[in-house]
Amino acid sequence: MEKFDVVVIGAGAAGLFCAAQAGQQGLKVLVVDNGKKVGRKILMSGGGRCNFTNLYIEPAAYISANPHFCKSALARYTQWDFIDLVGKYNINWHEKTLGQLFCDDSAQQIVDLLMAECELGKVTLRLRSEILDLQRHESGEYLLKLNGVNVSTRKLVVASGGLSMPGLGATPFGYKVAEQFGLSVKPVSAALVPFTLHKPILDTLQQISGVAVPITVDAADGTRFKESMLFTHRGLSGPAVLQISSYWHPGQAVTINLVPDTDIHSFIEAQRSEHPNLSLKNSLACLLPKRLVDSLVELSLLPEVTLKQLNSRQQQQLVEQLTAWAVYPNGTEGYRTAEVTLGGVDTQHLSSQTFEARDVPGLYFIGEVVDVTGWLGGYNFQWAWSSAWACAQALGNA
Ligand code: FAD
C-alpha cells in the first residue's frame, strides 16, 4: 500500500493544474488517469491551438443550478493569473475573437506548461490506470485499488471530467463516486454541440452544407447569442448554434435571425422602389448567400415572386421568417461531438471555497465533473484552472 497526501483522479486540465499547485506546497501527490496520454482534450482543443481562457470571464457565462457557486473560484484565480503563467513559459498567444485567447503555436504548449508545473511539485503520474475499487475507511483514509497497486490518501480529488468525447477517455466515474458517497448529481446532457434536423428540412438544408452566416439565435428562455451559424450535412453548427445548444431542451424551438444587422422592411422597400421587377430571391441574395435563399424558397419559407408582386401580408411573413425563423432541432449530435457536459455533481454538496464535499471530509470535485458549464470561448478551461487552484489552496491549508 503506497501512501499519498493527495490522490487526483484525472490528468486533464483541472487534475494536472490542481496536482501541480498542491505538489508545489510540499504535498505528496499522485495523479491517476485511464488514458495513455495526459491532457488529451487540451491537445484537441481550439483546433489544436487551445483556447485556454477568455479576456471577459464573468460568472454570467456559466450555467449551473446555483449560478453563484462559480463566483469565488473565478474571482480568486482569474484569467489574468493564467495569462501570467502562460507568459512565464514564454507561450505566445493571440486574441481570435470575443476575448478568446489561443496559443500562437500549439495546444501542446499548455500541456507542457502543466507537466512542467507538475514536475516542480514532484507529482507522481500513473497513466493507463483503472480504479477498480474505492472505499473510505472509518479512519477517514481513502483506499484505492488500481490495476497493479493499492494506494491510500486522506485527500481524494475527483477531476475526471464529463461525458463528452468518450473516445478521449470520458467516463461517468466522477458521478458514480459522488453517488457512492451520497452526493446527488444534476442530470447530464451534451452541450456546446451541433443540432441535428428532421428529415424533410434536412434534405433541403443538406444541399447547403458548408455555408455559414452571421445570425442571432434565441433559446426559449430568452438567452441570445450573436455569432455565426454553419449548415452541416447533419443539421446546424457553428459558434452560435453550439452556444445556444447549452440552453436548449428537446421539443423546444430556437429562433434565428438571419439578417441581424439589417432593417429588412426598409431594405425591401428601397429595393422595390429601385428594382420593382427584380425577383425577391435575387434581391435577398444581396444580403444572404444565394444558395441559402434558394433553400428557403424550396422550404416555402419565402415566396417566389418579384418585388412588385410582393403584397403586404407576404412582406410581413417574410420579415418574420428572416428575423424570427423558428427551427425545431431533432436533437443534438450527442456526446460524440459535444465539447462539454451540462449538469454534474450538485454544487449544493460542495464548498465553493475549497470544493470539498460538505459531508464527506477529504473528498473534492473540480472541473467539468461539477455542475458548472461555461460558454464556448475559453470559459471551460478557465473554470478548470480556477476550481483546481482554489481546491489546491485548500489542500495545502488542511
Ligand atoms: P478533462 O479534461 O476531460 O479531464 C478528465 C480526465 O479524467 C481525462 O484525462 C480522462 O481520461 C480522465 N478520466 C475519466 N474517467 C476516468 C476514470 N474512470 N479513471 C481514470 N481517469 C479517468 N474548453 C475551452 O475552454 N476552450 C477550448 O478551446 C475547448 N475546446 C474543446 C475542444 C474539444 C474537442 C473538447 C471535447 C472540449 C473542449 N473544451 C474547450 C472543453 C474543455 O476541454 C473541458 O471543459 C476541460 O478539458 C475540462 O477539464 P477537466 O480536467 O475537468 O476534464
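Two residues are in contact when heavy atoms of theirs lie within 4.5 Å. The exercises below apply this term and others to a predicted model.

**Exercise 1.** Determine where serine 45 is placed, whether serine 45 is buried or exposed, and which residues serine 45 touches beyond four places in sequence.

*Solution.*
Step 1. Locate the residue: serine 45 belongs to the loop between H2 and strand S3 (51-54).
Step 2. Apply the cut-off: a residue is buried under 20% relative accessible area. Serine 45 has 12% relative accessibility and therefore counts as buried.
Step 3. List the contacts: with residues up to four places away in sequence not counted, serine 45 touches Cys50, Asn51, Ala107 and Phe381.

**Exercise 2.** Describe the surroundings of the ligand, beginning with the residues that come nearest and ending with the polar contacts.

*Solution.*
Step 1. Identify the shell: 31 residues are around the ligand, and Ala14, Asp33, Asn34, Thr171 and Phe381 come nearest.
Step 2. Sort the shell by character: 12 of its residues are nonpolar, 14 are polar and 5 are charged.
Step 3. Assign residues to helices: at least two shell residues come from each of helix H1 (13-23), helix H2 (40-44) and helix H13 (379-397). H13 gives the most, with 3 residues.
Step 4. Examine the polar atoms, for which the cut-off is 3.5 Å. The side chain of aspartate 33 has an N or O atom 2.6 Å from an oxygen atom of the ligand. For phenylalanine 381, a polar backbone atom is 2.8 Å from a ligand oxygen atom. For glycine 46, a backbone N or O atom is 3.3 Å from a ligand oxygen atom.
Step 5. Consider the cover: on its own the ligand has 1,000 Å² of accessible area, of which the protein covers 95%.

**Exercise 3.** State where alanine 384 is found and which residues alanine 384 contacts beyond four places in sequence.

*Solution.*
Step 1. Alanine 384 is part of helix H13.
Step 2. Its relative accessible area is 8%, so alanine 384 is buried.
Step 3. Apart from neighbours within four places in sequence, alanine 384 is in contact with Ala13, Ala14 and Gly367.
Step 4. Compare sequence with space: alanine 384 and glycine 15 are 369 residues apart in sequence, yet their C-alpha atoms are 8.2 Å apart.

**Exercise 4.** Describe the nonpolar cores of the model.

*Solution.*
Step 1. Recall the general tendency: in soluble globular proteins, nonpolar side chains tend to be buried together.
Step 2. The largest nonpolar core has 85 residues, of which Ile110, Leu144, Leu363 and Phe365 touch the most other members. H13 provides the largest share of this core, 10 residues.
Step 3. A second, separate core of 50 residues includes Phe195, Leu205, Phe231 and Leu258.

Conventions:
Residues are numbered from 1 along each chain as its sequence is written. This is a predicted model: local features need pLDDT of at least 70, side-chain atom pairs count only at pLDDT 80 or more; totals for chains, interfaces and linings use all residues. Side-chain values use heavy atoms; hydrogens and water are left out. A residue is near a molecule or strand if one of its heavy atoms lies within 4 Å of it. A polar contact is a pair of N or O atoms within 3.5 Å; within protein, one must be able to donate a hydrogen and the other to accept it, and residues adjacent in sequence count only if both atoms are side-chain atoms. Accessible areas come from the Shrake-Rupley method with a 1.4 Å probe; for residues, only the protein chains shown count as cover. Ala, Val, Leu, Ile, Met, Phe, Trp, Tyr, Cys and Pro count as nonpolar, Asp, Glu, Lys and Arg as charged, and the others, Gly among them, as polar. A nonpolar core is a set of buried Ala, Val, Leu, Ile, Met, Phe, Trp, Tyr and Cys residues joined through side-chain atoms within 4.5 Å. Buried means under 20% relative accessible area, exposed over 50%, partly exposed in between (1.4 Å probe, protein chains only).
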